[in-house]
Amino acid sequence: MVTRIWRRRKLYMLYPIAFLVCIYVISRRGLYNTRYIPLRPLYSSSAEVQRLLKFMTSYHYMCNSTVALGNRSHFPICIDNDTGIDLDAKGNTYSIWSPEEILFEKFLATNYSFEVYIITDSIVPKHYRNLNHTHWLQTILVPNDIHDFSRNSFGQRTFNDIMEQQRHSVDILKIEMNFDHAHTWEILYYMIEDHQLHDIKQLHIAIIVDKLDEDFLYNWYRCLYNLYYKEGMRLYHTAASSPLCLQVTMMESCVYWLSWIRDPGDRVFVMHPPADFGTQTLEEERLLAYITSPVVTCHNLQSAIHPSMSTIVMPIDKSVGICKDYLSSYDDTHDACKALILSNHTDVTLKYTLKKSKCSTVQFRPELPYIKLSPEDHLLPSIKSMYMMGVVDYVWKHQNVDLILISYPGQEWGILAALLDTHALINTTQLVVKIHLNDRTYGKHPVILRRMYSELRRLETQGFHLFDSVPCARHNDVQTKETADCYKLGFMRHSKRARLSNALQYIVASPIGGF
């Protein structure tokens with residue numbers, strides 16, 4: 001009898017324990033699932049290593065001209081026109097320095113007459129003290145943590161305090177703290193939080209990994225992530241102390257030297273950082289999450305009109321059609337809107353709807369240098385072919401092109417990139433693009449997916465916002481090679497200068513027609 005009661009008590013004790021274990025497993029699974037969630041902590045140090053290493057070895061900006069200072073090429077200076085450092089301008093450089101070598105600082109001070117301010121807590125060697133254009137600030141640099149009330153006492157100073165006292169701009173900042181590398185990320189983190197890097201043109205960081213600690217690796221990843229998305233810095237060069245350091249299993253006891261440049265502007269292509277590990281699944285998930293999440297809502301939709309019908313064709317999806325929001329009112333004193341179609345096929349419904357909306361339409365079949373026209377293209381002599389630069393010249397010549405529609409399977413990304421590179425969309429109010437996520441040459445390669453995501457995000461920097469997203473294959477359609485992984489995206493620029501008629505904003509899709 002006693003044994004039975006004891007067994008029953010043991011069962012009663014196991015039930016809540018098992019319940020708590022289930023709750024813990026479910027919560028951990030929700031936190032460390034495989035879905036892409038920015039800045040999420042990962043499940044192990046090996047996963048953190050893989051993510052951090054992928055970030056540090058994926059360049060955002062390709063610098064074409066660099067200058068190596070001294071025999072070391074760990075921190076090359078980017079001198080590209082309009083984006084890099086002008087070495088003849090005699091700027092200001094700050095270096096958080098450790099007493100190992102000073103070639104970087106010495107070359108800037110003596111060869112290029114930069115004013116170099118070196119922050120160190122070490123004893124300055126005699127042969128360094130009298131270098132021309134060199135200023136020594138001997139102090140212990142600490143993070144600007146507001147909870148640390150002793151941060152500006154006992155020989156300690158923050159970067160905020162130094163900048164407030166010096167009161168001049170900083171062109172180049174170098175952080176290489178071998179003496180206290182475990183807290184380098186913390187100093188950089190509070191620099192970002194306090195917006196101390198807004199005016200810095202180039203940033204050079206040394207990351208020393210002496211142990212594979214999850215918190216240490218995550219904190220560095222968070223700092224680099226915030227450098228890109230909060231401070232607008234772009235990675236253009238990475239060096240490692242050994243080729244073995246580029247392997248995930250050999251990251252311990254390694255040094256990484258990272259060089260960053262201020263964002264070069266929306267006319268220059270910038271590759272976004274990888275989605276965590278940069279796998280195909282994660283890259284595709286991030287891209288799909290972006291293109292299926294419009295940020296602008298249309299409250300006044302109108303359906304497309306087919307020329308053979310006198311009534312409006314109702315679309316299957318309510319979000320498909322013509323939007324009238326955010327437009328200037330149309331009257332006889334305004335010119336008709338002008339639409340430019342860049343496509344290799346004719347869409348009767350599209351042209352008829354534009355005509356009924358009093359929009360003049362011009363269509364070209366763009367030819368990029370690497371495009372080979374297919375046999376189907378030669379069967380459409382009614383569509384005028386034009387090299388892409390000619391299309392760009394046309395848009396610049398007719399600066400009142402209100403609506404541009406791109407529908408050229410396999411070439412839409414090249415066409416979009418050419419328009420963005422030349423800033424040809426500066427006076428365009430709306431843009432409609434039919435995109436395919438499966439590249440004809442490389443398929444769904446992670447780098448290709450990341451490049452697609454980066455091109456779409458570049459539209460944001462030029463003032464366009466995602467308005468609508470419609471899959472090419474409807475609910476009852478059988479997916480073909482042409483409609484699989486295909487979406488029709490609409491982007492709108494919020495501008496008081498919009499010249500589109502109140503009857504038409506843009507056409508995302510039509511239930512009948514090829515676009």
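At what angle do helix α8 (residues 280-291) and helix α13 (residues 446-461) pack, and how far apart are their axes? The angle is about 25° and the axes lie 9 Å apart, where axes are lines fitted to C-alpha atoms, for helices over the stretch in contact, and angles run from 0 to 180 degrees between N-to-C directions. This is a predicted model, in which local features need pLDDT of at least 70, side-chain atom pairs count only at pLDDT 80 or more, and totals for chains, interfaces and linings use all residues. Residues are numbered from 1 along each chain as its sequence is written, and side-chain values use heavy atoms, with hydrogens and water left out.

Helices (H or I, at least four residues) and strands (E, at least two) are DSSP runs, numbered from the N terminus. Residues of α8, including L287, Y290 and I291, meet residues of α13, among them L449, M452 and Y453, contact meaning heavy atoms within 4.5 Å.

An open sheet of seven strands, with mixed pairing, follows the order β5-β4-β3-β8-β9-β11-β10; two strands pair if DSSP finds at least two bridges between them. Its edge strands, each pairing on one side only, are β5 (134-138) and β10 (233-240), and the twist averages 15° from one strand to the next. Strand β11 (residues 254-262) pairs with β10 in the antiparallel sense over seven bridges, and A239 stands opposite W257 in β11.

Two helices lie across strands as tabulated here.

| Helix | Strands crossed | Angle |
|---|---|---|
| α2 (residues 45-56) | β9 (202-209), β10, β11 | about 45° to β11 |
| α6 (residues 184-193) | β3 (92-96), β8 (172-175), β9 | about 150° to β8 |
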